[in-house]
Amino acid sequence: MSNSIKAQLSNKIIDDLKRKINAIQAEELAGKLQLKLTKTGHSLQGPCPTGHPSTSNRCFSINTKKNYWHCFSCGAGGDNIELIKTANNISFIEALEWA
């Protein structure tokens with residue numbers, strides 16, 4: 001098998017994994033990551049998983065309807081894979097393995 005075919009297969013596997021991980025409900029993922037969050041409407045709020053200080057401990061928000069997260073203090077945010085990477089301080093590949 002040629003290297004380009006192997007690369008295409010690897011990319012397809014990674015793309016499939018990304019789709020599956022990002023399809024997980026963010027609320028379920030937050031529980032598995034043991035994030036201490038409070039439900040507020042269509043969001044979960046709490047301290048940012050990056051660990052920066054916050055006076056309110058509510059700068060971090062997960063939108064449970066649209067399945068993404070954002071910290072209004074440090075600007076970090078993204079999809080489920082980024083949340084896994086950030087909360088666990090791990091690489092992309094390690095995040096795929098963790099999920």
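Strand 3 and strand 4 form a hairpin with four residues between them, and Asn67 in the turn has a positive phi of about 65°. Strands here are DSSP runs of E with at least two residues, helices are runs of H or I with at least four residues, and both are numbered from the N terminus. The structure is a predicted model, in which local features need pLDDT of at least 70, side-chain atom pairs count only at pLDDT 80 or more, and totals for chains, interfaces and linings use all residues. Residues are numbered from 1 along each chain as its sequence is written, and side-chain values use heavy atoms, with hydrogens and water left out.

**The turn residue Asn67**

Asn67 sits in the loop that runs from strand 3 (60–63) to strand 4 (68–71). Is Asn67 buried or exposed? Asn67 is buried, at a relative accessible area of 15%; buried means under 20% relative accessible area, exposed means over 50%, and partly exposed lies in between (1.4 Å probe, protein chains only).

The side chain of Asn67 has two polar partners in the backbone. One of its polar atoms lies 2.8 Å from the backbone oxygen of Ile24, and the side chain also reaches the backbone nitrogen of Ala26 at 2.7 Å. A polar contact is a pair of N or O atoms within 3.5 Å; within protein, one must be able to donate a hydrogen and the other to accept it, and residues adjacent in sequence count only if both atoms are side-chain atoms. Leaving aside residues up to four places away in sequence, Asn67 touches Asn22, Ala23, Ile24, Gln25, Ala26 and Asn80, where contact means heavy atoms within 4.5 Å.

**The sheet**

The hairpin belongs to an open sheet of five strands in the order 1-2-3-4-5, with antiparallel pairing. Strand 1 (38–40) and strand 5 (77–78) are the edge strands, each pairing on one side only. Strands of a sheet pair through backbone hydrogen bonds, either parallel or antiparallel. Two strands are taken to pair if DSSP finds at least two bridges between them. Three of the pairings are set out below.

| Strands | Sense and bridges | Residues opposite each other |
|---|---|---|
| Strand 2 (43–46) and strand 3 | antiparallel, four bridges | Gly46 and Phe60 |
| Strand 3 and strand 4 | antiparallel, four bridges | Ile62 and Trp69 |
| Strand 4 and strand 5 | antiparallel, two bridges | Trp69 and Gly78 |

In a regular strand the side chains alternate between the two faces of the sheet. In strand 3, Phe60 and Ile62 point one way while Ser61 and Asn63 point the other way, and all are buried.

**Ile62 in strand 3**

Ile62 lies in strand 3. Its relative accessibility is 0%, so Ile62 counts as buried. Which residues does Ile62 touch, not counting residues up to four places away in sequence? They are Ala26, Ala30, Leu37, His42, Ser43, Leu44, Tyr68, Trp69 and Leu83. Ala26 thus appears in the contacts of Ile62 and in those of Asn67. The C-alpha atoms of Ile62 and Gly31 are separated by 12 Å, and the two residues are 31 apart along the chain.

**Two further residues with positive phi**

Gln34 has a phi near 60°, a positive value in a residue other than glycine. Gln34 belongs to the loop between helix 2 (26–32) and strand 1. With a relative accessible area of 66%, Gln34 is exposed.

Asn57 is not a glycine either, and its phi is positive at about 55°. Asn57 is found in the loop between strand 2 and strand 3. Asn57 is partly exposed, with a relative accessible area of 42%.

**The whole protein**

The protein has four helices and five strands, in the sequence pattern α-α-β-β-β-β-β-α-α. Along the principal axes, its C-alpha atoms fill a box of roughly 55 × 25 × 20 Å. Of its 99 residues, 26% count as buried. Among contacts between residues at least 6 apart in sequence, 36% join residues at least 24 apart.

The exposed area of the protein is about 6300 Å², of which carbon and sulfur atoms supply 52%; accessible areas come from the Shrake-Rupley method with a 1.4 Å probe, and for residues only the protein chains shown count as cover. The mean positions of the 12 positive and 8 negative charges are 5 Å apart. Lys and Arg count as positive and Asp and Glu as negative, while His and the chain ends are not counted. Each charge is placed at NZ of Lys, CZ of Arg, CG of Asp or CD of Glu.
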